[in-house]
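Hi everyone, thanks for coming. Please have a look at the sequence and the structure on the screen, and then I'll walk you through them.

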Amino acid sequence: MNKQELIQTVKEMIAAPSCCQELKDAGQKWLGALGSAAEKTAAEELLQEIREDIAPIDHVIEFFESPRAAEIFGKEKAKAIAAHAREVKAAGGKWCDCPACSAGLKILDNAALLI
């Protein structure tokens, strides 16, 4: 991955419906800081936020099997997402595979390009 691809991945992450506001803000801050003296600090903040927000697959399963998830997403949607997460886990996945988490993992794997 090169820097342009990394920039695109950050844009995809923050555009994902599953991306929380704090991660969107950190991604936007880094994009806005590109080429400036603030870029390194913004990169460190983005990486920290990604580490805090990427969901382990067991947490995804636990949440989507909860009554709270059924309230938020509807019983059938929550059940379907939990089933999908169980498939991810059965295939050896350790992390949520939603668009935001997937992009975040790519960014972490290429963190050296950020700093």
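I'll go through two helices, the core, the salt bridges and the cysteines.

First, some housekeeping. This is a predicted model, in which local features need pLDDT of at least 70, side-chain atom pairs count only at pLDDT 80 or more, and totals for chains, interfaces and linings use all residues. Residues are numbered from 1 along each chain as its sequence is written, and side-chain values use heavy atoms, with hydrogens and water left out.

Let's begin with helix 1, residues 3–15. Helices here are DSSP runs of H or I with at least four residues, numbered from the N terminus. Helix 1 has 13 residues, which at 1.5 Å a residue should span 18 Å, and its end C-alpha atoms are indeed 18 Å apart. The expected span, by the way, is 1.5 Å times one less than the number of residues.

Which residues of helix 1 are buried? They are L6, I7, T9, V10, M13 and I14. Buried means under 20% relative accessible area, exposed means over 50%, and partly exposed is in between, with a 1.4 Å probe and protein chains only. Looking down the axis of helix 1, you find its buried residues within an arc of 160°, so they line one face of the helix. That arc is taken from the directions from the helix axis to the C-beta atoms. On the other side of helix 1, Q4 and A15 are exposed. And what covers the buried residues of helix 1? The cover includes helix 2, helix 3 and helix 7.

Just before helix 1 sits M1, which is partly exposed at 41% relative accessible area. Leaving out residues up to four places away in sequence, M1 touches L6, T9, K106, N110 and L113; contact means heavy atoms within 4.5 Å.

Now to the core. The largest nonpolar core has 35 residues, and V10, M13, W30, L46, I50, I107 and L114 have the most contacts inside it. By nonpolar core I mean a set of buried Ala, Val, Leu, Ile, Met, Phe, Trp, Tyr and Cys residues joined through side-chain atoms within 4.5 Å. Helices 1, 2, 3, 4, 6 and 7 each supply at least two residues of this core. Take V10 as an example: neighbours within four places in sequence aside, V10 is in contact with G27, W30, L31, L46 and I107.

Next comes helix 6, residues 75–90. Its 16 residues should span 22 Å, and its end C-alpha atoms are 22 Å apart, which agrees. In helix 6, A78, A82, A85 and V88 are buried. Seen down the axis of helix 6, those buried residues fall within an arc of 115°, so they too line one face of the helix. The face turned away from the buried side of helix 6 carries the exposed residues E76, K79, E87 and A90. Helix 4 and helix 5 are among what covers the buried side. Just after helix 6, G92 takes a positive phi of about 100°.

How many salt bridges does the structure hold? There are five, each being a side-chain nitrogen of Lys or Arg within 4 Å of a carboxyl oxygen of Asp or Glu. Side chains of opposite charge can pair when their charged atoms come close.

One of the five joins D58 and K89, with the closest N and O atoms 2.6 Å apart. D58 lies in helix 4 and K89 in helix 6, so this pair ties together parts that are 31 residues apart in sequence. Another joins R86 and E65 at 2.9 Å. R86 is in helix 6, while E65 is in the loop between helix 4 and helix 5, 21 residues apart. A third is between E39 and K3, at 2.6 Å from N to O. That one links helix 3 to helix 1, with E39 and K3 36 residues apart. E39 is buried at 14% relative accessible area, whereas K3 is partly exposed at 29%.

Last, the cysteines. With a disulfide taken as a pair of cysteine sulfur atoms within 2.5 Å, the count comes to zero. Why is C19 not bonded to C20? The sulfur of C19 is 5.5 Å from the one in C20, its closest cysteine sulfur, and that is too far for a bond. The sulfur of C98 is 3.6 Å from its closest cysteine sulfur, in C96, again too far. C19 is buried at 6% relative accessible area, and C98 counts as buried at 16%.

That's my tour, thank you!
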